[in-house]
Amino acid sequence: MKSNTSPASENPLKNTMYRFLWVTMFASDIGASMQTAGSGWLMTSLAPSPFVVSLLQVMTSLSIFLLAFPAGALADIVDRRKLFLTTQYFSLAVAIALSLLTFGGVTTSSILVVFTLLLGLGNAMSLPANLVIQTEIVPKKIALAAMTLFSVAIYIGFAVGPVLGGLVVAAAGPGMVFLLNAFSFVGIIIFLHKWHKPSESKPLPPEQVIGAIRTGLRYMRHSLHVRALLVRDFAITICGSAAISLLPLLARNEAGSNSILFGVLVGALGIGGLISGFVIVPRIKSISIEKRVAGATILYAVAMIVISFHHGLVILFVGIFAIGTSLIIITSSLNFVAYNSVSSWVRTRVVSVHQMMYWGGVAFGSIVWGIVAEIWGIPTALIAAAIGLVIGLVTSTRYKLKPLTDVDLTPSMHWYMPRVMIDIDDHAQGSVLVEMEFEIDPTRSQEFESAMNDMRSVILRDGAINWELFHDVENPSRYVMMFTSESWTEHLRHHERMTKADLATEQRAISFHIGKIPPRISHLVSEDMSKQNNKIKNENSA
């Protein structure tokens, strides 16, 4: 049977508000790429040192590394529209200040590095909210298509921005580039003033920022798929960052005083990514994520070796183009795994940490390869990084990238609500202990314990702070599972986080139960004994 849904109806650009945001983000991406080209040109003029030039990439990456996860937790619990709007006003002010300083001839290499960091901080705080808002304004069934279109916009910006930046630098200097970047934030600000997300009524109070960070870290600790993603993020970017951080210097050495040619060479990265995004990525969907990432990584390494030995403009352009081609295959694959391997309640936090590890690797790698290039030269740094990039593929033997596209991560809401017979408000700050008692055939105890080990990962991942399985020494058929939540509210959140995939894991464990009645479940809350002691003291005093 053919689907009645036409491809046109699944195009996110048919949505008026999405199209408005896409156009404004597209303009902002071009502005950001112009900013990168302009700051790279200015820095190579102020301090043409490989280490100093690499600091521009370090500042951009370091800001995301430091703030991505707190920003992701914040975006999960506050009004994302207001958070995004605040960051855009901040970035607008920073970009205007940098342009004025540059027009006045005051900007030094140190000032440029500081303002690059400030712009990076604004970007880092807006990134998680931006990623989620992109999918909130379209139906869920086309959310991934919406994200893909934004990725394409970024690479169009990478392709067009540096060329425009080079033209503007040649015509009016880098100060004008920084001012145009400031104007690129205005469109997003107008959109955020026009768009208002419908309010949602939630039965539970929002999480606190520290608690949300702690819960997110716990989820990632007990999710094998997320741990694998984060390891691969770092393994790829730690060496792949060499080409990105040293690109301005490579382009400047070839272009000389020709700022337009400089922009074309830097833009080759975006052109490669743009063509790869439109032509290559859609045609390799049938290939596994692992093979895609491995092939693109090898292409990336070969391209770095080629540009380290470049003997002309054309070879350098082709090498940078190949890096851009491989980079979008790698990043789109990693983003796909990050988005599709976690539950919706923690997705923003996981995507944020994915970005944090990715850009943390870029920041650390940029420092390392900037120092290596300073001491032993750019060709040596690129060759060493290329070798390290290939060696990093060894991590795939243990940490495999597996998007859970065939796993149902929708909430199951299958845990029953206990009938509360005490004043739960008096125990709001106390921890919660849940007991589940099983009667098992002793001959199948090893199978049961294996199933419960899977259950342990699910319970701890979704919010419990402790989990244990006890075996009765007097009755070999009796097992008791216990887990603890931080509070009654956290336990109620745990109810909402259980997915249909988790339900299948739980049902497998329960299938070993041979009792005549279902496993007995008890909910206990801790008593605050300090209150009781104070009460006794007050009574004694009276």
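Begin by selecting strand S2, residues 466-471, together with strand S3: the two run antiparallel and are joined by six bridges. The model on display is a predicted one. Within this pair, highlight Phe470, which stands opposite Val480 of S3. Then follow the chain from S2 into S3; the connection is a hairpin of six residues.

Next, add strand S1, residues 432-439, to the selection. S1 is also antiparallel to S3, and eight bridges hold this pairing together. To see one position in this pairing, pick Leu433, whose bridge partner in S3 is Thr484. S3 is thus a partner of S1 and also of S2.

Now keep S3 alone in view, residues 478-485. How many of its eight residues are buried? Six of them are, so the strand is largely enclosed by the rest of the structure. Residues count as buried when their relative accessible area is under 20%. While looking along the strand, bear in mind a general point: in a regular strand, side chains alternate between the two faces of the sheet.

Leave the strands and select helix H3, residues 80-103, which contains Gln88. Is Gln88 buried or exposed? Its relative accessibility is 4%, so Gln88 counts as buried. Display the residues around Gln88: leaving aside those up to four places away in sequence, Gln88 touches Ser126, Phe185, Ile188, Ile189 and Leu192.

Finally, select the whole protein chain and zoom out. Its secondary structure comprises 18 helices and four strands. The radius of gyration is 27 Å, close to the 24 Å that the globule rule gives for 542 residues, so the chain is as compact as a globular protein of that length. Turned along its principal axes, the chain has C-alpha atoms that fill a box of roughly 85 × 60 × 55 Å.

With the chain still selected, colour the residues by burial: 52% of the 542 residues count as buried. A contact display is also instructive. Among contacts with a separation of 6 or more, 85% are between residues 24 or more positions apart.

Switch to a surface view for the last stop. The accessible surface amounts to about 25000 Å², and carbon and sulfur atoms account for 63% of this area. Colouring by charge brings out 40 positive and 35 negative side chains, with the centres of the two sets 9 Å apart.

Definitions and conventions. Residues are numbered from 1 along each chain as its sequence is written. This is a predicted model: local features need pLDDT of at least 70, side-chain atom pairs count only at pLDDT 80 or more; totals for chains, interfaces and linings use all residues. Side-chain values use heavy atoms; hydrogens and water are left out. Buried means under 20% relative accessible area, exposed over 50%, partly exposed in between (1.4 Å probe, protein chains only). Two strands pair if DSSP finds at least two bridges between them. The radius of gyration is taken over C-alpha atoms; the globule rule is 2.2 Å times the number of residues to the power 0.38. Contact means heavy atoms within 4.5 Å. Accessible areas come from the Shrake-Rupley method with a 1.4 Å probe; for residues, only the protein chains shown count as cover. Lys and Arg count as positive and Asp and Glu as negative; His and the chain ends are not counted. The place of a charge is taken as NZ of Lys, CZ of Arg, CG of Asp or CD of Glu.
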